Amino acid sequence: MSTIPPTQAQQNAWKKSPDSELYINPLPVRIWHWLNAVGFVALILTGIQIRYANMFNVLSFETAIKTHNWVAFTVIANYFVWLGFYLFSDRITVYHPELNPRKFFDKAFKQFMYYSYGIFKGEPSPHKVLAYDKFNPMQSITYQIVMLLVVPVQFITGIMMWDIKRFEGPIAMLGGIHTVDTVHVLIFIFFVSFTLVHAYMGALGHTPSAHFKEMFTGYEEAEEKSDQ
Amino acid sequence: MNTKLQVLVIDDDAVVGRSFDRVLSDKGYQVSTALSGEEAMETIRETDFDVVFTDIKMPGMDGLEVAERIKARCPWTPVVVITGYGTPDNEAQASVLGVSGFVHKPLTPEIIESVTLKAVKEAEVILEAAEPCETQEVIAKTVSKAGVHSKAGLIAKNVGLFFAAPFVALAYVIALPFVGFYMFAKLGREAYVKKHLSK
Ligand code: HEM
């Protein structure tokens, strides 16, 4: 391709222009995300105390349950901040599926090869972040499944166990309290590993802190800027 | 809901597409990118674009061919050709194809914004002055955007896709080990063939 290298003046214009940063995480998403993250950590810790009451004794059983319930209702309410934002924003496209399987697998494979190989050689990520297409295929399917399937199921099973009497009918329909509890605990285990992997992957931007900053400021950390 | 002006940028250098997205995404445009003419042709099938930018020199299908095909498919879509330094021959050829303009690299945010605005404005003028039959075509185009027939339909489609997403994703996850195995096998075969042939 015939490209004249940009002059120094043009490069500077690029870097200084406020337009040269891409707004990827709108305010409601950022507020939801960090409140949610704190909430999840609290739920995991109180959850461990409830489940393994005989192994740990940081909180009394009653306090652990009370805290778990209160935090849970906050996290559920907060979920609707996220859901409402996406349902009423044209950024809903960020959560749309890739309906062409060939394209999906092709991109997913490239992304996988990048995480397992290219990244260690300092290659750039094959996915280019765009405002309406910000997730790579692996992020995309993970967040879709987590936010629209796993999180709601965790909420529903949790609410059922919060008031077993009131939800007697639905619990019986799902195969009894034992099934509901098992599902809740399995998803709990999933979330412990998800949170760890997710936080690790969050550090895989072009600098370790890049994605974290993005979730605070909303703006993509442009790669050109890191060398300034 | 999704009433933004759709911009397609075709360039084998991914940086160019990203630059357009950075400049235009906050200003009421939705930018899609394609790294080749072939990819662009697939994208065009799914979305009607309000403006298309294409690099002139690309491996495979070049910018002129892209412009020609887009013009053949939707003559009202403004196509702006991105060129390197003075390539008058190509420009003459492109003018014959009826492209809306040229923009020369390197591109600054100001250039990107003004060229886009100009292309959109010119297209509007043409559409406003158009004969009724063409206007009908335009209405048909607007209505058929995203394949739905009203704003409510568009919202329903957006929300439908949103809630369908985790199930599509689950299907992909289930298929992943099989497809992944196939892809690794293909990669291995290619490496083997390459080594074999180089001997
Ligand atoms: C414990 C600490 C956590 C850290 C440090 C963290 C970090 C991050 C970072 C850096 C991003 C931006 C990069 C990206 O888009 O992938 C992100 C996005 C995201 N995180 Fe987390 N996260 C945490 C917990 C959680 C939890 C518990 C959940 C869900 C249950 C979660 C769900 C998400 C989702 C859905 C996104 C994408 C948001 C959107 O744009 O819609 N995170 N996280």
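How far is an oxygen atom of the ligand from an N or O atom in the side chain of A:Tyr86? In this predicted model, the separation comes out at 2.8 Å. That pair is a handy way into the ligand site, and A:Tyr143 adds to the picture: one of its polar side-chain atoms sits 2.6 Å from an oxygen atom of the ligand. A:His198 deals with a nitrogen atom of the ligand instead, again through a polar side-chain atom, and here the distance is 2.6 Å.

Stepping back from single atom pairs, the ligand is surrounded by 23 residues. The closest of these are A:His33, A:Tyr95, A:Lys134, A:Tyr143 and A:His198, so A:Tyr143 and A:His198 turn up both in that list and in the polar pairs, with A:Tyr143 facing an oxygen atom and A:His198 a nitrogen atom. By makeup, the shell divides into 15 nonpolar residues, seven polar ones and one charged one. Several helices of chain A pitch in with at least two residues each, namely α2 (27-51), α3, α5, α7 (177-202) and α8 (210-217). The largest share belongs to α2(A), with seven residues.

The chain behind this site is built from helices: chain A has eight helices and zero strands, and its elements read α-α-α-α-α-α-α-α from the N terminus on. Of its 228 residues, 41% count as buried. As for how the chain folds back on itself, take the contacts in chain A between residues at least 6 apart in sequence: 65% of them join residues at least 24 apart.

Then there is the partner. Chain A and chain B bury about 4600 Å² between them, with 71% of that on carbon and sulfur atoms. The contact draws 50 residues from chain A and 51 residues from chain B. Charge pairing across the boundary amounts to one salt bridge, in which the side chains of B:Arg18 and A:Glu220 meet at 3.3 Å, N to O. Polar contact between the two chains involves four residue pairs, counting those with both residues at pLDDT 80 or more. On the chain A side, α1 (8-16), α3 (61-87), α4 (101-116) and α5 (137-162) each bring at least two residues to the surface touching chain B. Here α4(A) has the largest share, eight residues. That side of chain A splits into 30 nonpolar, 10 polar and 10 charged residues.

A:His96 gives a residue-level view of the contact between the chains. It is placed in the loop between α3 and α4 of chain A. With a relative accessible area of 14%, A:His96 is buried because the cut-off is under 20%. A polar atom of the A:His96 side chain lies 2.7 Å from the backbone oxygen of B:Asn158. Leaving aside residues up to four places away in sequence, A:His96 touches A:Ser140 and A:Gln144 in its own chain, plus B:Asn158, B:Leu161 and B:Phe162 across in chain B.

Over in chain B, B:Asp11 also sits in a loop, the one between β1 (5-10) and α1 (14-24). B:Asp11 has 2% relative accessibility and therefore counts as buried. Its side chain makes a polar contact with the side chain of B:Lys105, at 3.2 Å.

Notes: Residues are numbered from 1 along each chain as its sequence is written. Chains are lettered from A and ligands numbered from 1 in the order in which they are written. This is a predicted model: local features need pLDDT of at least 70, side-chain atom pairs count only at pLDDT 80 or more; totals for chains, interfaces and linings use all residues. Side-chain values use heavy atoms; hydrogens and water are left out. Contact means heavy atoms within 4.5 Å. Buried area is the accessible area (1.4 Å probe) that two parts lose on being put together, summed over both. A salt bridge is a side-chain nitrogen of Lys or Arg within 4 Å of a carboxyl oxygen of Asp or Glu. A polar contact is a pair of N or O atoms within 3.5 Å; within protein, one must be able to donate a hydrogen and the other to accept it, and residues adjacent in sequence count only if both atoms are side-chain atoms. Helices (H or I, at least four residues) and strands (E, at least two) are DSSP runs, numbered from the N terminus. Ala, Val, Leu, Ile, Met, Phe, Trp, Tyr, Cys and Pro count as nonpolar, Asp, Glu, Lys and Arg as charged, and the others, Gly among them, as polar. A residue is near a molecule or strand if one of its heavy atoms lies within 4 Å of it. Buried means under 20% relative accessible area, exposed over 50%, partly exposed in between (1.4 Å probe, protein chains only).
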